[in-house]
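Colleague: I'd like to go through this one with you and hear the reasoning behind each label. Can you put it up?

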Amino acid sequence: AVVSTQSTGAREAALKRVRLEVKQKHADVDMKRQEAVEKQQQERHNELIGQLKAAEARNRIRLLRIRYNNIRSSELEQMVAYQPTSLRAVRLQALVPQKNNFQLSRNDSMLKNDRQRIEEIIDDEEMATTKRDLTCI
């Protein structure tokens, strides 16, 4: 009975050691997973910060361009306005190109039906939709 108690005690001790090793391995695996997730989150955060900084830089450059063009156009307007004669003002205007700040909007203001109608008129080679006899009017 003493021998069996010692062998059971040894088994229990071995089982405790194995359980402890398994728990440590699971803890290590969980720690590695957590580190990988944190690393991915940090990389994503760094990428987003980089994109934000690039967008801010583009916006600063865009604002500088707009400011420069506005200053340039106002200076040209002043130069033209302060010419002693209108002939010189017209010559200066002809020689110095004016920058038009007109840009097409990217939003399409036409309705779907209007667009289809316009495309239909453009594609009509026989002019069946637009050919009218206006002589009787």
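Colleague: What makes the contact of Glu-47 with Arg-44 a salt bridge?

Modeller: Keep in mind that this is a predicted model. The closest N and O atoms of Glu-47 and Arg-44 are 3.6 Å apart, and the cut-off is within 4 Å, so the pair counts as a salt bridge.

Colleague: Where do Glu-47 and Arg-44 lie?

Modeller: Both lie in helix 1, three residues apart, which is about one turn of the helix.

Colleague: Why is Glu-47 called partly exposed?

Modeller: Its relative accessibility is 41%. Buried means under 20% and exposed means over 50%, so a value in between is partly exposed. Arg-44, at 44%, gets the label partly exposed because of that range too.

Colleague: How many salt bridges does the structure hold?

Modeller: Two. Besides the Glu-47 pair, Asp-30 forms one with Arg-33, where the closest N and O atoms are 3.8 Å apart. That value is within 4 Å, so the pair qualifies. Asp-30 and Arg-33 also both sit in helix 1 (residues 2–81), three residues apart.

Colleague: Are Asp-30 and Arg-33 exposed or partly exposed, and why?

Modeller: Arg-33 has a relative accessible area of 54%, which is over 50%, so Arg-33 is exposed. Asp-30 has 45%, between the two cut-offs, and is therefore partly exposed.

Colleague: On to the surface. What makes Met-110, Ile-118 and Ile-122 a patch?

Modeller: They form a nonpolar patch with about 270 Å² of accessible area together. A patch residue needs over 30% relative accessible area, and Ile-122 has 63%, so Ile-122 clears that bar. At over 50%, Ile-122 also counts as exposed. Ile-122 lies in helix 3.

Colleague: And which residues gather in a patch of negative charge?

Modeller: Glu-119, Asp-123, Glu-125 and Glu-126. Asp and Glu count as negative, so the patch carries that sign. Glu-126 is found in the segment after helix 3 (112–123).

Colleague: Why does Glu-126 count as exposed?

Modeller: Its relative accessibility is 70%, and the cut-off is over 50%, so the label follows.

Colleague: What does the secondary structure of the protein chain come to?

Modeller: Three helices and zero strands, giving the pattern α-α-α along the sequence.

Colleague: And how much of the protein chain counts as buried?

Modeller: Of its 137 residues, 4%. The accessible surface comes to about 13500 Å², and 55% of that belongs to carbon and sulfur atoms.

How values were computed
Residues are numbered from 1 along each chain as its sequence is written. This is a predicted model: local features need pLDDT of at least 70, side-chain atom pairs count only at pLDDT 80 or more; totals for chains, interfaces and linings use all residues. Side-chain values use heavy atoms; hydrogens and water are left out. Patches are made of residues with over 30% relative accessible area and no salt bridge: like charges are joined within 9 Å, nonpolar side chains (Val, Leu, Ile, Met, Phe, Trp, Tyr) within 5 Å. Accessible areas come from the Shrake-Rupley method with a 1.4 Å probe; for residues, only the protein chains shown count as cover. A salt bridge is a side-chain nitrogen of Lys or Arg within 4 Å of a carboxyl oxygen of Asp or Glu. The place of a charge is taken as NZ of Lys, CZ of Arg, CG of Asp or CD of Glu. Helices (H or I, at least four residues) and strands (E, at least two) are DSSP runs, numbered from the N terminus. Buried means under 20% relative accessible area, exposed over 50%, partly exposed in between (1.4 Å probe, protein chains only).
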